[in-house]
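Biologist: Before we discuss any detail, could you put the model on the screen? I would like to go through it step by step, with the reasoning behind each answer.

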Amino acid sequence: MPFKPFKPGNNANPAGRPRGVRNRLAGTVFADVLEFWNEPVKDGSTMTKGKAALLNAWRERPHDFVKSVFAIMPREFVVENIVTELADSELETMIDTLRRQRALDEKLNVN
């Protein structure tokens, strides 16, 4: 008997995956991680497991630590904070510098 793919809505679960199941799972995982992250390293300590892990990563592999921190930060947040702290003249200088760098990059790539 040849393979016949299921038609939409005609499978073992016609309703498909219930709405929000994936979100509930992710929420549960995040809640578990957050609970572990906030546990003290030992009874009576103010140092949490999460902070201890960050300090260890910073000491052992600072380059990877920095990459990890920036990987989880939204890019818009970083750019907005930098831009809002600069004066207009500094922004104009930065834009001019970026334009010159882009022109140089384009020139080097063409030749």
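Biologist: Which residues does methionine 47 touch, not counting residues up to four places away in sequence?

Modeller: This is a predicted model, and in it methionine 47 lies in the loop between H1 and H2. Leaving aside residues up to four places away in sequence, the contacts of methionine 47 are Glu39, Pro40, Val41, Ala52 and Leu55.

Biologist: Is methionine 47 buried, partly exposed or exposed?

Modeller: Buried would require a relative accessible area under 20%, and exposed one over 50%. The relative accessible area of methionine 47 is 28%, so the class that applies is partly exposed.

Biologist: Glutamate 39 was among those contacts; with which residue does glutamate 39 meet in a salt bridge?

Modeller: Glutamate 39 is itself partly exposed, at 28% relative accessibility. The separation from N to O in its salt bridge is 2.6 Å, which falls within the 4 Å cut-off and therefore counts. The partner, partly exposed with a relative accessible area of 27%, is lysine 49.

Biologist: How many residues apart in sequence are the parts that this pair ties together?

Modeller: Glutamate 39 belongs to the loop between helix H1 (21-38) and helix H2 (49-60), whereas lysine 49 belongs to helix H2. The pair therefore ties together parts whose separation in sequence is ten residues.

Biologist: How many salt bridges does the structure hold, and which residue forms one with arginine 61?

Modeller: The structure holds two salt bridges, one of them being the pair of glutamate 39 and lysine 49. Arginine 61 is exposed, with a relative accessible area of 55%, and the closest N and O atoms of its bridge are 2.6 Å apart. Its partner, partly exposed at 27%, is aspartate 64.

Biologist: Which residues make the nonpolar surface patch of about 270 Å²?

Modeller: One member, leucine 25, is found in helix H1. Membership needs over 30% relative accessible area, and leucine 25, which is exposed, has 55%. The patch as a whole is made by Leu25, Val29 and Val33.

Biologist: What pattern does the protein chain follow along the sequence, and what share of its residues counts as buried?

Modeller: The chain contains five helices and zero strands, and its pattern reads α-α-α-α-α. The accessible surface comes to about 10600 Å², with carbon and sulfur atoms supplying 60% of it. Of the 111 residues, the share that counts as buried is 1%.

Biologist: Where in the protein chain is confidence lowest?

Modeller: The average pLDDT of the chain is 81, and 72% of the residues score at least 70. Confidence is highest in H2, at 95, while the lowest mean, 66, belongs to residues 75-84, that is, helix H4.

How values were computed: Residues numbered from 1 in each chain as written. Predicted model: local features only at pLDDT ≥ 70, side-chain atom pairs only at ≥ 80, totals over all residues. Heavy atoms only, no water. Salt bridge = Lys/Arg side-chain N within 4 Å of Asp/Glu carboxyl O. Helix = DSSP H or I, 4+ residues; strand = E, 2+ residues; numbered from the N terminus. Buried < 20%, exposed > 50% of the residue type's maximum accessible area, 1.4 Å probe, protein only. Patch = residues over 30% accessible without salt bridge, like charges linked within 9 Å, V, L, I, M, F, W, Y side chains within 5 Å. Areas by Shrake-Rupley, 256 points an atom, 1.4 Å probe, with all protein chains shown as cover. Contact = heavy atoms within 4.5 Å. pLDDT = per-residue confidence, 0-100.
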